[in-house]
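Let us walk through this structure step by step, beginning with a single residue and then widening the view to the chain, its charged pairs and its surface.

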Amino acid sequence: MARMKARPHELQALHALGWALARALPIVGLALSWEALAASGAVTTFQLPRLSAVLARIWTDAVAGDLALNAALTLYRALTGFAIAAMSGVVLGMAMSRNVAVRWLLDPVVSVGFPMPKIAFLPVMMLWLGVYDLSKIAMVVLDAIFPVVTATIAGTSGVDRHLLWSARNLGASEREVLREIVLPAASAQIMTGLQVALPIALIVAVVAEMLMGGYGLGATMVHASRFADSHGVFAGIVEIGTVGYVLVKAMTLVRRRLLIWHQEAVAPSTV
């Protein structure tokens, strides 16, 4: 009987394992295709080194400590800028959705700045703040704040007005309405804005490192390309891709944890 009761759990575990393997197949296929193409002789080692050689280079950098140093610096810049953009973006978005004067003042800036390629401000940041961490973090904030602001505005503006009226009629203060109704109701869209902003923060941090130099995953790639070190360049691509994947997955887990009470957590999955 105990064994029969365990079968549904075993089937569920096998089902989850099967889905995990199925989702890993495209990555495995890409890796095998990369190795096969590089070994076929159709391209030179300079154009496309073998994946096995690239992984060996990553291992060498990891043992030497270079990988940990560069990844830590890139993550520091990206996550610091993301944290500042997240807090500032939520505050600005809430202010714009709740105050007509603030929205009138900032809406043109957001409307113009959101679609604009903010990397154009990089020379300005270099002139004002130099080429060190401060300017790179400032670039991350400048790029990552706009998705958070717009998502917060959309979320807070879409709160059911009947809930707000009911809470006010029951004697709730504006602060209580904001804390107990507006923020929970808008939390799903705010989290979506944060999920968009996080990979943007990593991308901008890497690009800023590439253009400003110093240390970091982006700067290491540019340094390798200047010395025709294709293994180092492709190692950087793999490292950045891995870091980005981990960040996105971590953010997904945070969303599930924070919104475990939300209706999206109990809605049937369409994936």
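In which helix is the place of Arg 103? Arg 103 sits in helix 4, the helix that covers residues 100-113. The model in front of you is a predicted one, and what follows should be read with that in mind. With a relative accessible area of 34%, Arg 103 counts as partly exposed, because that class lies between the limits of under 20% for buried and over 50% for exposed. Arg 103 can also be placed with respect to Gly 93, for the two are 10 residues apart in sequence, while 8.8 Å separates them in space from C-alpha to C-alpha.

From this one residue we can step back to the whole chain. The protein chain holds 11 helices and 0 strands, and when it is read along the sequence the pattern is accordingly α-α-α-α-α-α-α-α-α-α-α. The chain has 271 residues, of which 34% count as buried.

The charged pairs show how some of these helices are connected. Side chains of opposite charge can pair when their charged atoms come close. How many salt bridges does the structure hold? There are 4 of them, and a good place to begin is Arg 57, whose side chain meets that of Asp 229 in a salt bridge with 2.7 Å from N to O. Arg 57 belongs to helix 2, whereas Asp 229 lies in the loop between helix 9 (217-226) and helix 10, so the pair ties together parts of the chain that are 172 residues apart in sequence. Arg 57 counts as partly exposed, its relative accessibility being 25%. Asp 61 belongs to the picture as well, since Arg 57, Asp 61 and Asp 229 are linked in a network of salt bridges.

The loop that holds Asp 229 deserves a second look, for Ala 228 is also found in the loop between helix 9 and helix 10. The phi angle of Ala 228 is near 55°, which is a positive value in a residue other than glycine. At 46% relative accessibility, Ala 228 is counted as partly exposed.

A further set of charged contacts involves Arg 77. Asp 133 forms a salt bridge with Arg 77, and the closest N and O atoms of the two are 2.7 Å apart. This pair links distant parts of the chain, as Asp 133 is in helix 6 (residues 133-157) and Arg 77 in helix 3 (residues 66-98), with their positions 56 residues apart in sequence. Asp 133 is partly exposed at 25% relative accessibility, whereas Arg 77 is buried, with a relative accessible area of 5%. Arg 77 also forms a salt bridge with Glu 209, where the closest N and O atoms are 2.8 Å apart. Here too distant parts of the chain are linked, since Arg 77 lies in helix 3 and Glu 209 in helix 8, 132 residues apart. Glu 209 is buried, as Arg 77 is.

Helix 8, which spans residues 174-212, also contains Met 210. Met 210 is partly exposed, with a relative accessible area of 28%, and its C-alpha lies 7.9 Å from that of Thr 220, although the two residues are 10 apart in sequence.

We can now turn to the surface. Leu 127, Trp 128, Leu 129 and Leu 134 form a nonpolar patch there, and together they have about 520 Å² of accessible area. Helix 5 (residues 122-129) contributes the largest share of this patch, namely 3 residues. Leu 129 is found in helix 5, and with a relative accessible area of 33% it is partly exposed.

The last stop is the second largest pocket, which has a volume of about 520 Å³. Its lining is made up of 15 residues, and those that lie nearest its centre are Ile 27, Leu 30, Gly 241, Thr 242 and Tyr 245. Which helices each supply at least two residues of this lining? They are helix 1 (2-40), helix 2 (51-64) and helix 10 (230-258), and helix 1 gives the most, with 7 residues. Sorted by class, the lining of this pocket has 11 nonpolar, 2 polar and 2 charged residues.

Note on methods:
Residues numbered from 1 in each chain as written. Predicted model: local features only at pLDDT ≥ 70, side-chain atom pairs only at ≥ 80, totals over all residues. Heavy atoms only, no water. 1 Å grid on protein atoms, 1.4 Å probe; cavity = no way out; pocket = protein on both sides within 12 Å on 5 of 7 lines; lining within 4 Å. Points joined across faces, edges and corners; volume = space filled by probe spheres on them. Helix = DSSP H or I, 4+ residues; strand = E, 2+ residues; numbered from the N terminus. Nonpolar A, V, L, I, M, F, W, Y, C, P; charged D, E, K, R; others polar. Patch = residues over 30% accessible without salt bridge, like charges linked within 9 Å, V, L, I, M, F, W, Y side chains within 5 Å. Areas by Shrake-Rupley, 256 points an atom, 1.4 Å probe, with all protein chains shown as cover. Buried < 20%, exposed > 50% of the residue type's maximum accessible area, 1.4 Å probe, protein only.
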